[in-house]
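Work through the exercises below with the sequence and the model at hand. Each task is followed by a solution in steps.

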Amino acid sequence: MAQSLTPAQIPAAYAQGVKLMEAGKLREAAGLFTQITQIRPQIAEPHWQLGRIAAKIGDSRSAVASLDRAQKLKPRELVVLRDFAVALGVFGDTERQITVLRRLLEIKPDDVAVRSELAIALQYMGDFDEAESQLRRCLALQPKNGTIWRLITAGRKFKPGDPAIAEMQALYRDKSLHPRHRANLDFALAKVHEDIKDYAPVMKHLKRGNEEYARLFPYSRAERETEIANLKAAFEGIDFTRPALEPDPGFAPIFVTGIPRSGTTLGEQIIGAHSKATAIGEAREFNQSVQQALSTGNLGFRPLAGLAPDALLALRKRAEELYRRRFSFGAHCVDKSVQNWHYIGLIRYIMPNARIIVMRRDPRDNLLSIFKNVFAEGTHKYAYRIADMVHYLKVHREMMDFWRERAPGLFTEVSYEALVDDPEAEAPRLVAAAGLEWEDQCLEFYKQKQRVSTLSIAQVRQPIYTSSARAWERYGDEIKPLIAALEEEGLVPDGA
C-alpha cells in the first residue's frame, strides 16, 4: 500500500491494517489507520482501531483519546463503548468510565458483565449503596451467579439476621450450582460469617473456595525459585549504594511495596493524602519497563552490569513516560505495586531520589488475608493453597535479605501492626520515609474522594482500625495447618 493514500484506497488500507494487527505488526497497522483518519477523520472505525492498538501497547492516554473520538462518531456502537469503558478504567478515570457504562446499559440493560463492571467502578468511588443495587439487578438476571454475591459481600459489613445470608445459604445448597460459582459463594459466605463473628465455618468455606481456584490456576514452586535465582544473578557485580545516574528532581516516585495484603494500600493512602503526592494505586509501569529492559524470556534476565548508562537512562525515561501516559502528577506519584520489591536496588540505582517503603505484617494475618481473597485470573497463583502461600512468603523473605545486604539504607521497612496500633507516631515516620514533611491530612486519607482500587475497598473508606491485627487467633484449630507450615519454614515472628 502506498504511503500516501487516496480516498479510493481507504477500504483496502483498512482491511490491510486489520490483517497487520492480527499478525502483531501494530506499528505498521497504526500507520495505516492514522493515514485514514487524516483523509477521512469522520470515520469511526480507524479511530477505534488506533485506540485498540494503544491499549495493547499500554498507552492508556492515547487509547482513551482515540476511543473517545470513535465513540463521538458512533455513540451507540456497543463494541466501541465497551473498549472505551475498559480504557477509561485502566487509565483510572473512573468517573467517566461510570458514565460510559451507564450509556452501555441504556442500550443493553440486560448485560450482566457491564452492570457488574459498573458496580465495581461505583465501589472504587465509594458509592456502595448504588453498587449493591446494581449487583442485585445482576442477580435478578443471573440468580446462580456466585461472583455477584462475592462482590456484594465485599461492599459492606453484614449483621446477624440479614436476609441476604439466608439467600446465599439457600443457593449454596443448590446441587446444580457451577463449581466456579460455588467457589465464589464460598468466599462470600466466609466474609459474611466473619462479619457476624461466627468464625467456625469461615476456614471451611475458604478451603473449599481456594481449592477450586488452585485447580484452575496451579502454582509452580520450581518456576518461582528459578525466576528469583535468575533475578539475583542479573544483579551481581553492582554496587547499588553508588547510583548510576544523577537524580531527576521532576520525577521522584514513591514506591510502597510488599506482598499482597501486607498493608501497602494503607501506606499508599496515607502518603497519597499529602498535598505533594498523588496515589496512583497498583501501577505496573515500572515492572513493565524492567521486563522490557532486562527480561530474556523463559524466566531469564540479562545482567544489569551489561547495560550502559544510556540504556539505564532510557529505562528511567521509559518508566516515567509510561507513568505519565496514565496518570497526572507532579514530581511524586505513589505506586503501591506488589511486584516492585523485586527491584529495590535497581530503583535506587537509576532513580536515587526515589523512595521505597516495604510493608511487613505478621505472616499469620498476612497469609490468612490472602487466603480470604480472589485475585485477577492468572495472577497470584500461590494464593490458593497454604503450602504455596508459605513458599511465596519464604522466597519474598529471601529476596528481602538479599536487598538488606546489597542495598543497605536504600529502603525503609514499616510494620503494619505498629502503624495501626499507634498511627499518630508511625504515620509521620512513614511520611518522612517518603521524603515529605508531615501534614495532618495524611491521617484523614479516608476522606479523599479519589478512586481506590484494592481488595479492601470498604476498609479504605474508614479511619485506621485494629480489628485485622491478630485476626488469626479467632480460628482455633482451623488455622493450625497455616501456623505449622509457617513454623516449619521459620517464618513465625520471634516471641509469637
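**Exercise 1: Ala164 and its surroundings**

Ala164 has its place in helix H10 (residues 163-172); helices are DSSP runs of H or I with at least four residues, strands are runs of E with at least two, and both are numbered from the N terminus. This is a predicted model, in which local features need pLDDT of at least 70, side-chain atom pairs count only at pLDDT 80 or more, and totals for chains, interfaces and linings use all residues. Residues are numbered from 1 along each chain as its sequence is written, and side-chain values use heavy atoms, with hydrogens and water left out.

Task: decide whether Ala164 is buried or exposed, then list its contacts.

Step 1. Buried means under 20% relative accessible area, exposed over 50%, and partly exposed in between, with a 1.4 Å probe and protein chains only. The relative accessible area of Ala164 is 2%, so Ala164 is buried.

Step 2. Contact means heavy atoms within 4.5 Å. Leaving aside neighbours within four places in sequence, Ala164 touches Arg136, Trp149, Arg156 and Phe158.

**Exercise 2: Ile344**

Task: find which residues Ile344 contacts, leaving aside its neighbours within four places in sequence.

Step 1. Ile344 lies in helix H17 (residues 344-350). Its relative accessible area is 0%, so Ile344 is buried.

Step 2. With those neighbours left aside, the contacts of Ile344 are Ile356, Val358, Met400, Trp403 and Phe411.

Step 3. From Ile344 to Ala407 there are 63 residues in sequence, and 7.6 Å in space from C-alpha to C-alpha.

**Exercise 3: H3 against H4**

Task: describe how helix H3 and helix H4 pack.

Step 1. Axes are lines fitted to C-alpha atoms, for helices over the stretch in contact, and angles run from 0 to 180 degrees between N-to-C directions. H3 (residues 44-56) and H4 (residues 60-73) pack at about 155°, with axes 7 Å apart.

Step 2. Angles under 35 degrees count as roughly parallel, over 145 as roughly antiparallel, 65 to 115 as roughly perpendicular and the rest as oblique. H3 and H4 are therefore roughly antiparallel.

Step 3. The contact includes Trp48 and Leu50 of H3 and Leu67 and Arg69 of H4. Its residues divide into nine nonpolar, four polar and one charged. In this scheme Ala, Val, Leu, Ile, Met, Phe, Trp, Tyr, Cys and Pro are nonpolar, Asp, Glu, Lys and Arg are charged, and the others, Gly among them, are polar.

**Exercise 4: H18, H19 and H22**

Task: state how many residues of H18 are buried and what they pack against.

Step 1. In helix H18 (residues 363-371), nine of its nine residues are buried. They pack against H11, H12, helix H19 (386-406) and H22.

Step 2. The axes of H19 and H22 come within 10 Å and cross at roughly 35°.

Step 3. Ile386, Val390 and Leu393 in H19 meet Pro481, Leu482, Ala485 and Leu486 in H22. This contact has seven nonpolar, no polar and no charged residues.

**Exercise 5: Aromatic rings**

Task: classify the pair of Phe235 and Phe240.

Step 1. Rings of Phe, Tyr and Trp (its six-membered ring) pair if their centres lie within 6.5 Å; planes under 30 degrees apart count as stacked, over 60 as edge-to-face and the rest as tilted.

Step 2. Phe235 and Phe240 are 5.8 Å apart centre to centre, with 85° between the planes, and the pair is edge-to-face. Both residues are buried.

Step 3. Phe235, Phe240, Tyr349, Phe402 and Trp403 form one aromatic cluster.
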